[in-house]
Amino acid sequence: MSPDKAYRSSEISDWLTCRQKHYWSWTKGWRLRQEGVALILGRAVHAGLAARYTNSGPAARAAMKVFGSVQKDTLQEKRLLDLAMAEATALAMLEGYPGAYDIQEQEEHWKPIYVEVPWEVEIG
């Protein structure tokens, strides 16, 4: 790892966990064939929140689009069940989000400027 490069937290985690995994993932660019269910869930919730805050459509529709992009015809039954559970979880999270954080009241006082903007902090 070079001190002159900006690193993502996942890259640092891979380096600390397994140098070989870091090499194959970050140097060679190899990726797993299947994305983890937790990552799909996270992408779906983030897509739903982004849709909500940019007024680009219903949050649930944006989340379902993420789940719809997963190729399901080659998945084992356990993974299909995990995806179905993640889908239900994402929809419940998006439905409960406004009430959990008093969003209705807050939206009267502020509006988001950006949604999911990457940023970097130089260390050292």
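Which two side chains meet in a salt bridge at 3.0 Å, N to O? K78 and D82 do, and they appear in Figure 2 with their helix. This is a predicted model, in which local features need pLDDT of at least 70, side-chain atom pairs count only at pLDDT 80 or more, and totals for chains, interfaces and linings use all residues. Residues are numbered from 1 along each chain as its sequence is written, and side-chain values use heavy atoms, with hydrogens and water left out.

**Figure 1. Helix α5, residues 77-100.** Helices are DSSP runs (H or I, at least four residues), numbered from the N terminus. The expected span is 1.5 Å times one less than the number of residues. For the 24 residues of α5 that gives 34 Å, and the end C-alpha atoms are 33 Å apart, which agrees. α5 bends by about 25° at L94. The bend is the angle between axes fitted to the seven residues ending there and the seven starting there. A proline, P98, follows L94 within four residues. After α5 comes D102, with a positive phi near 50°.

**Figure 2. The K78 and D82 salt bridge.** A salt bridge puts a side-chain nitrogen of Lys or Arg within 4 Å of a carboxyl oxygen of Asp or Glu. Both residues lie in α5, four residues apart, about one turn of the helix. K78 is exposed because its relative accessible area is 56% (exposed is over 50%, buried under 20%, partly exposed in between; 1.4 Å probe, protein chains only). D82 is partly exposed, at 29%.

**Figure 3. Two other salt bridges, D14 with K21 and R43 with E35.** The count comes to three salt bridges. D14 and K21 meet at 3.5 Å, N to O. D14 is buried, at 12%, whereas K21 is partly exposed, at 42%. The closest N and O atoms of R43 and E35 are 3.0 Å apart. R43 is partly exposed, at 37%. E35 is also partly exposed, at 30%.

**Figure 4. The largest nonpolar core.** A nonpolar core is a set of buried Ala, Val, Leu, Ile, Met, Phe, Trp, Tyr and Cys residues joined through side-chain atoms within 4.5 Å. This one has 16 residues. I40, A44, V45, F67, L83, A90 and L94 touch the most other members. α3, α4 (59-68) and α5 each supply at least two residues. α3 gives the most, with six.
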